[in-house]
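Thanks for making the time this morning. Please bring the sequence and the structure up on your screens, and I will walk through a few parts of the fold.

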Amino acid sequence: ILIKNAESFELLSKVNTVVLDKTGTLTKGAPEVVDIIIHDKSYTSDILIQYAASVEKLSEHPLAQAIAQYAVTMKIPHLQVTDFTALEGVGVKATVEGHKMYIHKPESNDSDKKLKELQQQGKTVVVVEIDGKNVGLVSLSDTVKDNAKSAIEKLHSMHIEVIMLTGDNTHAAHYIAKQLGIDKVIAEVLPAEKAGKIKELQSKNKVVAMAGDGINDAPALVQAEVGIAMATGTDVAIESADITLIHGDISKISQVIDLSRSTMLTVKQNL
């Protein structure tokens, strides 16, 4: 546990709410492609992946990297990409061999039956559009960290409320939360909204510690009374946080809160 300053360590003793990001914090952050659904029969699954992976290899997002890696594993060559644009918290746009690509998370009101079915299985679904037409879906699955459930049970035993805050869809988020026994889920949150959600919790007299690992989590880590970053995450998150957990071990969250409480008890006894 790397503690950057004494003030945040002192504040930890007062924390009554821990907010956790999903991907890379509660899960291993190494999603894998599990389903490819074709809507437009003029495309095969290999062609859809070829177009999608060519674009996604230029993105840093774990889901994008998983799609790019899947193409490498399947020995599907990447194509030339131009006009690449990352849309924060939504997806990516680009041109591949003259075709306009838009790869994005589904709209919350999307009524696609197969999409809902995949989400209810806890999978994260990406929509692939080519030239303005929805040609198919790619679903990905991430694995929960081995010690996540016991880490949350330990926080509960310390009378701390645990909340998941994620940009992922509501079905996938609740699926993971149910496995881990998490109290509350705030899903489908855009990166720019995460800090606002922390502020809302603080307005309800909650003293918040936020744990995350991505660029998107940085503003929320700063907004929380104590920001906790995974050392396995991005440099921006680590730089923004007050405390860094080496190896991204979330069981250390309860340990560092316990250390803070013990330390403050000793300080008060001495006074």
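How do the axes of α5 and α7 come together, and at what angle do they cross? Before I answer, please keep in mind that this is a predicted model. In that model the two axes come within 7 Å, and they cross at roughly 20 degrees. Angles under 35 degrees count as roughly parallel, and α5 and α7 are therefore roughly parallel to each other. The crossing of α5 and α7 is right-handed. If you want to look at the contact itself, Lys-116, Gln-119 and Gln-120 on the α5 side meet His-171, Ala-172 and Tyr-175 on the α7 side.

Let me stay with α5, which covers residues 113–120. Its buried residues are Leu-115, Leu-118 and Gln-119. Viewed down the axis of α5, these buried residues fall within an arc of 100 degrees, so they line one face of the helix. What they pack against is β3, β7 and β8, together with α7, residues 170–180. After α5 comes Gly-122, which has a positive phi, near 85 degrees.

That takes us to the sheet. It is an open sheet of six strands, paired antiparallel, and the order across it is β3-β8-β7-β6-β5-β4. At the edges are β3, residues 32–38, and β4, residues 81–87, each of which pairs on one side only. From one strand to the next, the twist averages 20 degrees. Helix α3, residues 45–56, packs on this sheet and touches β3, β4, β5, β6, β7 and β8, while its direction makes about 80 degrees with that of β6.

As a general reminder, strands of a sheet pair through backbone hydrogen bonds, either parallel or antiparallel.

Two of the pairings here are worth following by eye. Strand β7, residues 124–130, is joined to β8, residues 133–141, by seven bridges, and the two run antiparallel; in this pairing Thr-124 stands opposite Leu-140 of β8. Towards the other edge, β4 and β5 are also antiparallel and are joined by five bridges, with Thr-85 standing opposite Lys-93 of β5. The hairpin of β4 and β5 has three residues between the strands, and there Gly-89 takes a positive phi near 75 degrees.

To return to where we began, α5 and α7 cross at roughly 20 degrees, and the buried residues of α5 pack against α7 as well as against strands β3, β7 and β8.

How values were computed: Residues are numbered from 1 along each chain as its sequence is written. This is a predicted model: local features need pLDDT of at least 70, side-chain atom pairs count only at pLDDT 80 or more; totals for chains, interfaces and linings use all residues. Side-chain values use heavy atoms; hydrogens and water are left out. Two strands pair if DSSP finds at least two bridges between them. Helices (H or I, at least four residues) and strands (E, at least two) are DSSP runs, numbered from the N terminus. Axes are lines fitted to C-alpha atoms, for helices over the stretch in contact, and angles run from 0 to 180 degrees between N-to-C directions. Contact means heavy atoms within 4.5 Å. Buried means under 20% relative accessible area, exposed over 50%, partly exposed in between (1.4 Å probe, protein chains only). The arc is that of the directions from the helix axis to the C-beta atoms. Angles under 35 degrees count as roughly parallel, over 145 as roughly antiparallel, 65 to 115 as roughly perpendicular and the rest as oblique. A crossing is left-handed if the near helix is turned anticlockwise from the far one by less than a right angle, and right-handed if clockwise.
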